[in-house]
Amino acid sequence: MKKSKTKIIIASALILALILFFALAGFFTDLLWFKELGYVSVFFTELVAQLKFGVPVFLGVGGICFFYLMVIKRNYYKRLGACERTSSEKSINWIAGLLSLAFALLAAVSIAKQLWFQLLQFTNSTDFGIADPIFNNDVSFYIFKLEFLQRLNGLLIGLVIGFAVVNVLYYLALLAKRRPQLFAREENEAGQSSQNPFSQFSPFGGFEMPGSVPKFNKNTAGNLLKVAGTQLVVLGVLFFLLLALHFYLKQFTLLYTSSSGVVFGAGFTDIKIYLWVYRLQVALSLAAALLVALSLKKGKIKRILLAPAAMVALGVLGVFAAALVQNLVVEPDELNKERAYLENNIAFTRYAYDLQDIRTEDYDIQYNLSAADIENNLETITNIRINDYEPALKYYNQTQSIRLYYNFNDVDVDRYMVNGEYTQTFLSAREIDENAINQQWLTAHLKYTHGYGVTLSRVDTVSESGQPAMLIDSIPPVSQVPEIEITRPEIYFGEDTNNYVIVNTNEPEFDYPSGESNVYTEYEGNAGIPMSLLNRALFALREGDMQILVSTNIDKDSRILINRNIMQRIQKIAPFLSYDEDPYIVAADGGLYWILDAYTVSSYYPYSEPFGETGINYIRNSVKVVVDAYNGDVSFYIVGAADPIADTLQKIYPALFKDLEEMPESLQAHLRYPNTMFTIQAGVYTKYHMTDVNVFYQNEDGWAVATETYGREQVSMTPTYFIMKLPGETQAEFINSIPYTPSGKNNLTALLVARNDGEHYGELVLYQMPKDRIIYGPQQIEAQINQNTEIAQDFTLWSSAGSTYSRGNMFVIPIGSSLMYVEPIYLESASSSLPEVKKVIIYYNERIAYEDTLTEALNAMFDVDMAALRGESSSEGEEENEQPEPENGAYGLEELAEKANAAYEQALEAQRNGDWAAYGSHLDELAFFLQQMLPEEEAPLAPETEGIEAPLDGERELPVIPE
């Protein structure tokens with residue numbers, strides 16, 4: 001018997017251990033991962049906070065609940081006297097203990113899970129130094145404290161209701177275990193005992209009443225109600241006291257939830273009506289608490305309903321009163337009534353979106369650019385982007401992916417020193433397309449572990465075929481830029497790296513393709529969690545993949561890399577930040593790094609109008625995140641001006657955040673002012689640039705973000721990055737800008753610029769156009785382009801020939817005291833999926849230059865020689881086709897035929913590669929050799945003869961070679 005008991009105990013212990021092992025696998029693997037990154041303290045911050053908050057709640061609620069139930073039991077016995085016992089006193093106490101334990105556990109888990117982070121914010125809050133104009137609270141009260149207090153109050157109301165449920169359950173248990181004498185006995189006429197025929201269905205069990213018939217004992221029932229009434233008094237008073245706190249806190253929410261009339265935030269009606277309704281509700285709730293205590297004691301239960309009825313009536317009356325005041329008092333004199341509140345709305349919204357320090361400059365347009373001005377602004381002109389993201393991405397994927405299993409996810413814009421010049425570039429990472437490789441376990445998790453290298457191209461130049469001019473390409477990376485050397489091109493952590501991989505196994509890792517064979521490698525970084533037997537078991541459970549446990553390719557030196565997708569990686573470490581959707585890759589110090597913008601946001605900033613449908617009404621780009629593409633190291637840096645939310649987070653997670661000074665200078669040089677942030681600011685500023693209340697109220701100077709024709713559709717413009725010398729500055733810098741037009745009109749009214757470099761990072765400058773004359777906006781320039789005869793003819797011709805043309809982004813470029821507009825035109829033939837830059841349009845001072853290249857367009861517009869200004873020997877794309885010359889006089893007929901055939905073969909090869917510029921050059925060579933073969937008396941064969949038709953859409957048909 002003892003042996004069987006021992007076996008049962010051992011088996012139960014093993015089963016419990018297995019259950020815990022399965023349940024805690026995720027916890028321990030997460031702990032190992034945070035330990036790998038050096039963020040163990042971050043991992044335990046949540047757990048420790050929950051324990052610090054949850055354990056006292058558990059002990060407090062459990063102790064109070066048990067004491068409360070014991071008081072109920074004592075009063076029950078005292079009031080009801082003798083009871084029929086059906087179980088021991090110990091079992092009743094056990095029921096009280098179990099109820100208390102379950103209720104305390106539920107309360108502790110709920111409160112700790114929901115409020116741990118709000119509690120940390122509450123206790124570590126940082127003052128904004130700005131007080132709201134109504135209650136004179138620092139803004140930190142609304143950002144860090146009010147939500148915590150409201151949610152805590154709501155949970156406490158839930159606890160009171162929970163106590164009521166526990167109260168009822170325990171009464172039922174007492175009635176079942178200690179039945180009161182609810183029925184008096186009465187002898188029947190026969191003098192025999194009678195049994196209640198329904199007793200078997202009673203929740204209290206059946207019992208005999210010999211010699212009697214059931215008769216209700218009113219005295220016992222009254223005592224039972226008195227016992228329950230005492231508990232109801234306590235719960236009722238607590239409920240209404242918490243309800244009073246609810247309405248007290250609700251008055252503060254008027255400052256960021258109300259939007260009655262023209263004001264966002266509390267306006268005239270809110271302050272005069274709703275604020276007083278909430279205050280009266282507080283008074284009524286306190287009165288209700290007192291009424292509950294008095295009425296239940298005196299047994300006048302109906303009185304309790306008076307206070308709730310009055311509260312409902314007050315709420316309805318408040319709605320009607322607010323409508324009357326708004327329509328009869330405010331609207332007839334709205335500007336004067338709302339003036340003070342509008343001032344609050346404007347000032348607080350501008351601060352919440354960091355618009356209060358925008359520097360405004362008048363930009364007096366004078367179209368007087370000279371050749372000297374062009375030369376003085378070469379850094380601006382030579383960085384005008386004529387390549388676009390989508391065509392560049394298509395080109396990269398078709399020409400630089402090298403193999404089907406590589407993919408370029410997107411194109412990032414940045415700036416680098418290229419041959420000593422500050423140059424704007426496109427950069428894209430070559431990652432493994434996990435959907436394109438064999439899904440066998442070994443291939444997916446041990447063999448194809450990483451992407452390889454990047455592509456880099458200038459944004460302002462294209463090749464002869466109209467495609468991006470590559471500066472870094474191929475595998476391994478071939479760089480034409482001495483300033484950029486990539487010695488660690490492997491990408492183990494990226495945007496498309498979603499699978500776990502195991503490195504340093506017995507299976508060599510694929511590194512990159514080399515001709516008909518492959519090059520293999522072994523991981524040399526420090527990322528990964530060692531694959532001990534225990535860890536293998538844990539990760540097999542985590543990933544649901546037993547291969548991790550049983551594979552013979554894994555040994556003690558192997559390491560597993562998880563959470564390799566950089567977005568998931570960052571969010572798992574710091575889910576309390578909001579993140580930009582567009583991380584960008586940077587080449588620095590021989591390696592590759594991802595930079596991601598993180599935002600601190602809130603929806604509780606008083607008097608600040610939310611942006612769009614997000615509900616967010618406060619935002620700062622206070623954190624930059626850097627991820628090493630090879631080692632997976634993640635660093636969070638605090639940047640920019642003081643942000644109380646970021647400061648509070650730094651107090652909560654002191655080991656997580658670093659100062660900007662700790663970021664390597666090579667990476668600081670690539671920080672960008674994010675377009676997401678700039679787009680939000682630009683949108684808010686269309687309305688909140690108006691600071692005069694009269695102008696704001698009438699919306700006399702409302703703006704809109706300018707529109708452009710992109711592709712073939714009219715769309716709102718988005719911020720664009722440039723390298724340019726801003727008016728009044730002496731040095732070119734990396735900026736992003738967006739143009740404004742008056743609301744409902746198309747002329748240009750302003751240009752908003754965000755500076756990105758050095759000490760000027762984050763500065764916003766507004767260049768306002770003259771108000772005494774019309775300055776054409778982008779859509780008006782698009783109309784001018786449409787009316788140009790030559791351009792219209794080309795558009796029609798390309799469309800009729802089966803090709804697709806599209807218009808790129810229009811760039812508004814301030815140079816000196818002038819404005820220039822640039823727009824590239826792309827052409828995509830029916831037989832080729834590679835768009836090419838076919839034409840470049842420049843608009844300046846009511847003139848249009850329409851040429852094949854940016855250089856030619858600049859030459860035509862300003863009558864300059866850009867090649868000479870740039871110190872080049874010849875203009876871009878303007879090298880003349882040099883015809884081959886024989887070394888010693890004329891070629892022989894046989895030699896001419898060989899050279900013609902070679903030119904023909906080269907033309908075919910160029911056609912297959914889609915290189916139409918080379919194709920045309922080889923056709924010209926072919927025509928030259930064929931011409932040499934003709935008798936002298938015959939007419940010379942020109943390139944466009946019967947057999948060689950000139951292309952209409954950028955393509956050429958193969959020539960018919962005369963026999």
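Helices (H or I, at least four residues) and strands (E, at least two) are taken as DSSP runs and numbered from the N terminus. On that basis, this predicted model has 26 helices and 38 strands in its chain.

**Overall figures**

The chain has 963 residues, of which 51% count as buried. Its accessible surface comes to about 44900 Å², and carbon and sulfur atoms make up 55% of that area. Among the contacts with a separation of 6 or more, 68% are between residues 24 or more positions apart.

**Helices**

Helix 1 covers residues 2–37 and contains L20. L20 belongs to a nonpolar surface patch of about 420 Å², which is made by L16, L20, L24, F27 and F28. With a relative accessibility of 44%, L20 counts as partly exposed.

Helix 12 (residues 389–399) has the buried residues P391, A392, Y395 and Y396. Viewed down the axis of helix 12, these fall within an arc of 135 degrees, so they line one face of the helix. The elements that cover them include strand 8 (406–408), strand 10 (421–432), strand 12 (454–462), strand 13 (468–473) and strand 36 (818–828).

In helix 21 (residues 778–787), the buried residues are P778, Q779, I781, E782 and I785. They also line one face, because they fall within an arc of 155 degrees when helix 21 is seen down its axis. An α-helix has 3.6 residues a turn, so residues three or four places apart point the same way.

**Strand pairing**

Strands of a sheet pair through backbone hydrogen bonds, in either a parallel or an antiparallel manner. One open sheet has three strands in the order 16-20-19, with antiparallel pairing. Strand 16 (501–503) and strand 19 (529–530) are its edge strands, each pairing on one side only. Strand 19 is joined to strand 20 (residues 559–561) by two bridges, and P530 has R559 in strand 20 as its bridge partner.

Strand 28 (residues 707–710) and strand 29 (residues 713–716) run antiparallel and are joined by four bridges. E708 has V715 of strand 29 as its bridge partner. The two strands form a hairpin with two residues between them, in which G711 takes a positive phi near 70 degrees.

Q714 is found in strand 29 and is exposed, with a relative accessible area of 54%. Leaving aside residues up to four places away in sequence, Q714 touches T707, E708, T709 and Q779. Q779 is one of the buried residues of helix 21. Another residue of that buried set, E782, is 68 residues from Q714 in sequence and 9.8 Å from Q714 in space, C-alpha to C-alpha.

**Backbone geometry in loops**

Most residues other than glycine have a negative phi, and most peptide bonds are trans. D589 has a positive phi of about 55 degrees although it is not a glycine. D589 is in the loop between strand 22 (584–588) and strand 23 (591–602), and at 61% relative accessibility D589 counts as exposed. N845 also has a positive phi, near 50 degrees. Its loop runs between strand 37 (836–844) and strand 38 (847–851), and N845 is partly exposed, with a relative accessible area of 33%.

The peptide bond from I475 to P476 is cis, with omega near -10 degrees. P476 is found in the loop between strand 13 and strand 14 (478–479).

**Salt bridges**

Side chains of opposite charge can pair when their charged atoms come close. The structure holds 27 salt bridges. The table lists some of them.

| Acidic residue | Basic residue | Closest N and O atoms |
|---|---|---|
| E729 | R755 | 3.6 Å |
| E782 | R807 | 2.5 Å |
| D852 | K839 | 2.6 Å |

E729 lies in the loop between strand 30 (720–724) and strand 31 (733–742) and R755 in strand 32 (residues 750–755), so this salt bridge ties together parts that are 26 residues apart in sequence. E729 is partly exposed, with a relative accessible area of 29%, whereas R755 is buried, with 2%.

The salt bridge of E782 and R807 links helix 21 to strand 34 (residues 804–807), the two residues being 25 residues apart. Both E782 and R807 are buried.

In the salt bridge of D852 and K839, D852 is in the loop between strand 38 and helix 23 (854–862) and K839 is in strand 37, 13 residues apart. D852 is partly exposed, with a relative accessible area of 40%, while K839 counts as buried at 14% relative accessibility. Elsewhere, D30, R542, E543 and K572 are joined into one network by salt bridges that share partners.

Note on methods
Residues numbered from 1 in each chain as written. Predicted model: local features only at pLDDT ≥ 70, side-chain atom pairs only at ≥ 80, totals over all residues. Heavy atoms only, no water. Patch = residues over 30% accessible without salt bridge, like charges linked within 9 Å, V, L, I, M, F, W, Y side chains within 5 Å. Areas by Shrake-Rupley, 256 points an atom, 1.4 Å probe, with all protein chains shown as cover. Salt bridge = Lys/Arg side-chain N within 4 Å of Asp/Glu carboxyl O. Buried < 20%, exposed > 50% of the residue type's maximum accessible area, 1.4 Å probe, protein only. Arc of directions from axis to C-beta. Pairing = 2+ DSSP bridges. Contact = heavy atoms within 4.5 Å.
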